[in-house]
Each structure stands twice: as C-alpha cells, then as structure tokens.
Amino acid sequence: MTEATVIGGSGYTGGELLRLIVGHPQLELGQVTSRSKERRTVTSVHPNLRGATDARFVHPDDLEDTDLLFTATPHGYTMEEMPRLRDHADTVVDLSGDFRLDDPAGYDEWYDEHPNPGMLDEAVYGVPELYRDEIRDASLIAAAGCNATASILALHPLVESGIVDDEDDVVLDVKASSSAGGASANTASHHAERSRVVRPYAPTSHRHQAEIEQETGLDVNMTVHAIEMVRGIAATAHALVEGVEEKELWKAYRGAYGDEPFVRVAKSRRGVYRYPEPKVVEGTNYCDVGFEVSDDRVVAFSAVDNMMKGSAGMAVQSANIALGYDEGAGLGFNGMHPV
Amino acid sequence: MTSAECPVCEAEVEPEWEVERGEIIDCGDCGAELEVADTEPLEYIEAPELEEDWGE
C-alpha cells in the first residue's frame, strides 16, 4: 500500500481526493492538513465520508514524511512551499495552478512572479491523454485546471489532426459550476446571489486560458460563465474553419481517444443526450467530448465533473500512472442516470 | 458474423445475429439508424428518416 497525504484537505477538491483515497485499492490515507480546521474530524467538513475515515485535520507545519503528497491549496501556496514539500514525499501531485505553466513569464502575465521558476521544468502537466509517458517518470505533477481540462480535451483532436491550427479563430465558451469556485464563501457565492445566475466570469482573461493556449498552441478567445450547477464544466469551442467533413471529425476524435480509458466520444443521432452533458459525468472521471460541423464552422463540446476529471480524479489517475498502478484504480464509478 | 462500415461515422458495425436485407440496425458509435442494403457482402445505407404522417 502507498500512503497518501492531502495538504489542504478541507476544501472541495481536498475532500474529493479523500473520497477517492479511502476507496482506492492501493492507497491508504496518511495525514490530512488544514490550518482552519486543525484537530477537527475530517467528517465534520466532509460528511459523505462518515464511516469511511476517522482522520482529523493536522496543521501543515506538522507534516510528516509520506509516499504520495496531494496538494489542494489555493494558488500561491505551493509555488512558495514546493521545495520543502518535496522533501516529504517522492511523488507530489499539485492541484493548484502554481506549476502548470512552462514559462516563468506566463506567471508574471497571468498569476504572480514565480519564486521557484527553476522547478517549472521538473513539473509534468497532469493530463494523461497528452503526457502519459512523461507522467510515468514524474515526481512532480501539475494537475490541470478544470476549465482547461475540458477545453484542451475538446480541442486536442482538432489540433492533432490539423483540422484547426494557430491561424484559425477559436472562440471558447465555458460554463462553470459553483464548486469550481472553491469552498470559501464570498458575497457572490451567497445563495441568494449565486442561485440561478448566468454570470460572465473573467470574460476575457481567465487564468486557465494560459494553459489552454500552452497545450493546444491555439490563440483562443475564452469566456467563462458561472451557471446553476454544483458540479460540472461544459466547454463549447467554435473554430471558424471551412470545408470539414463529419467523417474527418470522427477520425480525429477516434484517433485521439479510441484507446483512452476516461475520454468518451459523445455524439449521437438518437436519444436525449446527443452531445456531452455535465450531469451525465457527475461523480465520474470521464470527459465526454463531441462535435458538430457546418460549412464554415466546427463546434467541439466537452463535459467533465470539475471535482473529478477536472481536478481530484485526474490527479489520482496521474498518480496511478506515476506509481505504476492500474490507471483506473479507484476511479471506476460510471455515474448515475437519471440524476 | 461479418461487419461493415457505418456510412455516417465509419465505425465497424457487427450485428450479433443473422441480418436480412431491409433490416434496421443502429450504429453503436454515432447512433445512426442503418438499413441493411445487402448481406453478401454486408452493406449498410443510412436509413431514411420517418416523415410525419399528418393524416391527410
């Protein structure tokens, strides 16, 4: 068994990691850290884990050595602390944005100046569909952002097949759930304000745009809306390209994902769910991708659960690869219908 | 049993039973309804959409 510790275990993605770790056949839960919840039971914050663990939160200063370290902390923490954290574990999977960008200048532009820029080269971007071989040898994995995961996986086959390139105009529309905003409350997340909104969020400068452009090589025009969902991301990408045939798209998406365990092509002429739909993948590690085409436009869709394929689930998938376990270990849930 | 290509998405569609000409089978990948156009060799065409009968 591999011991897995979670830094920042009181947040939503931290809680999702705990759910996956306690159900994982090869992982056992080590410490769970939280400054604000120190000494409280984990189940006082994550009630879904009642009966599954009697762990209590510990202060991050009391971190002990472990085998596998997941960091589910707000942006800025691990870019400072990573040198110390890596001394505690052979494998670190960081769920924040602190090690996703290759170029330190990207942090100046999209985040803050990076205090450990030399470590960026050591981090592998944690999308197995793009970097499976690199993850296999990685000791530092930067799990991708939720909006970025959905967007990259929707666009990746179009780029790989040459249907879309950096000369094409790509408009990216992302619809995000409330849990994607994290567990900290603010006025905008107050129920009376958040409920039923269709709220433009970072209309032209969402941070995840940086990693989407890095990984696709495209110049994307991205807008995110906060909508009425607790879990889920729906991404719709419009590429203004002419003369693409439906069969080309089938070939591109099958070529990219035909052997992938957690990406499914959802495009059907029949049934209620003809394209990717977030609620179909709720609680699962799947990313459903789909497409449609007209004379002068290709539309690519994707849907993920932001807590799963968009963060904790893909972090565990990457850890499974890095540790040599079955890639799908602990991630077998197929979702529910109806939900 | 042999298989044949879906004319819509090019998936290999392999019926698990002995199909007859004119039989309808749906593609497991794209959901298109396919009509068995021939059996030797097996060949599909996209089945025509049913049109609304307004009773007139």
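In strand β7(A), Leu140(A) is the bridge partner of Val92(A). The exercises below concern a predicted model.

**Exercise 1. Determine how β7(A) is placed among its neighbouring strands and which way its side chains point.**

Step 1. Strand β5 (residues 91-94) of chain A is joined to β7(A) by 3 bridges, and the two strands run parallel. The pair Val92(A) and Leu140(A) belongs to β5(A) and β7(A).

Step 2. Strand β6 (residues 124-126) of chain A also pairs with β7(A), in the parallel sense and over 3 bridges. Here Tyr125(A) stands opposite Ala142(A).

Step 3. In a regular strand, side chains alternate between the two faces of the sheet. In β7 (residues 140-143) of chain A, Leu140(A) and Ala142(A) point one way, while Ile141(A) and Ala143(A) point the other way.

Step 4. All four of these residues are buried.

**Exercise 2. Establish the strand order of the open sheet in chain A and identify its edge strands.**

Step 1. The open sheet is formed by 7 strands of chain A in the order β3-β2-β1-β4-β5-β7-β6, with parallel pairing. Its edge strands are β3 (57-58) and β6 of chain A, each of which pairs on one side only.

Step 2. Strands of a sheet pair through backbone hydrogen bonds, either parallel or antiparallel. For β1(A) and β4(A), the pairing is parallel and extends over 4 bridges; Ala4(A) has Leu68(A) in β4(A) as its bridge partner.

Step 3. β4(A) and β5(A) likewise pair in the parallel sense over 4 bridges. The partner of Phe70(A) in β5(A) is Val93(A).

Step 4. From β4(A), Leu68(A) and Phe70(A) point one way and Leu69(A) and Thr71(A) the other, and all are buried.

**Exercise 3. Identify the buried residues of helix α1(A) and the elements against which they pack.**

Step 1. Helix α1 (residues 12-22) of chain A has as its buried residues Gly14(A), Gly15(A), Glu16(A), Leu17(A), Leu18(A), Leu20(A) and Ile21(A).

Step 2. These buried residues pack against β1 (2-7), β2 (27-33), β4 (68-71) and α9 (308-323) of chain A.

**Exercise 4. Decide whether the loop residues Leu49(A) and Ser179(A) are buried or exposed, and list their contacts.**

Step 1. Leu49(A) is found in the loop between β2 and β3 of chain A. Because its relative accessibility is 2%, Leu49(A) counts as buried; the cut-off for this class is under 20%.

Step 2. Leaving aside residues up to four places away in sequence, Leu49(A) touches Gly15(A), Leu18(A), Arg19(A), Val22(A), Val42(A) and Thr43(A). Gly15(A) and Leu18(A) are among the buried residues of α1(A).

Step 3. The C-alpha atoms of Leu49(A) and Glu193(A) are separated by 29 Å, the two residues being 144 residues apart along the chain.

Step 4. Ser179(A) lies in the loop between β8 (170-176) and α6 (191-194) of chain A. Its relative accessibility is 9%, and therefore Ser179(A) counts as buried.

Step 5. With residues up to four places away in sequence again left out, Ser179(A) touches Tyr12(A), Val230(A), Arg231(A), Asn306(A) and Met307(A).

**Exercise 5. Characterise the second largest pocket by its volume, lining and residue classes.**

Step 1. The space in the second largest pocket is about 290 Å³. Of the 18 residues that line the pocket, those closest to its centre are Arg264(A), Val265(A), Ala266(A), Lys267(A) and Asp29(B).

Step 2. The elements that give two or more residues to this lining are α8 (246-257) and β12 (263-265) of chain A.

Step 3. By class, the lining comprises 9 nonpolar, 3 polar and 6 charged residues.

**Exercise 6. Describe the secondary structure, burial and surface of chain B.**

Step 1. Chain B has 0 helices and 5 strands, giving the pattern β-β-β-β-β along the sequence.

Step 2. Of the 56 residues in chain B, 34% are buried.

Step 3. Among contacts in chain B with a separation of 6 or more, 20% are between residues 24 or more positions apart.

Step 4. The accessible surface of chain B is about 4,000 Å², and carbon and sulfur atoms account for 41% of this surface.

Note on methods:
Residues numbered from 1 in each chain as written. Chains lettered and ligands numbered in written order. Predicted model: local features only at pLDDT ≥ 70, side-chain atom pairs only at ≥ 80, totals over all residues. Heavy atoms only, no water. 1 Å grid on protein atoms, 1.4 Å probe; cavity = no way out; pocket = protein on both sides within 12 Å on 5 of 7 lines; lining within 4 Å. Points joined across faces, edges and corners; volume = space filled by probe spheres on them. Nonpolar A, V, L, I, M, F, W, Y, C, P; charged D, E, K, R; others polar. Buried < 20%, exposed > 50% of the residue type's maximum accessible area, 1.4 Å probe, protein only. Contact = heavy atoms within 4.5 Å. Areas by Shrake-Rupley, 256 points an atom, 1.4 Å probe, with all protein chains shown as cover. Pairing = 2+ DSSP bridges.
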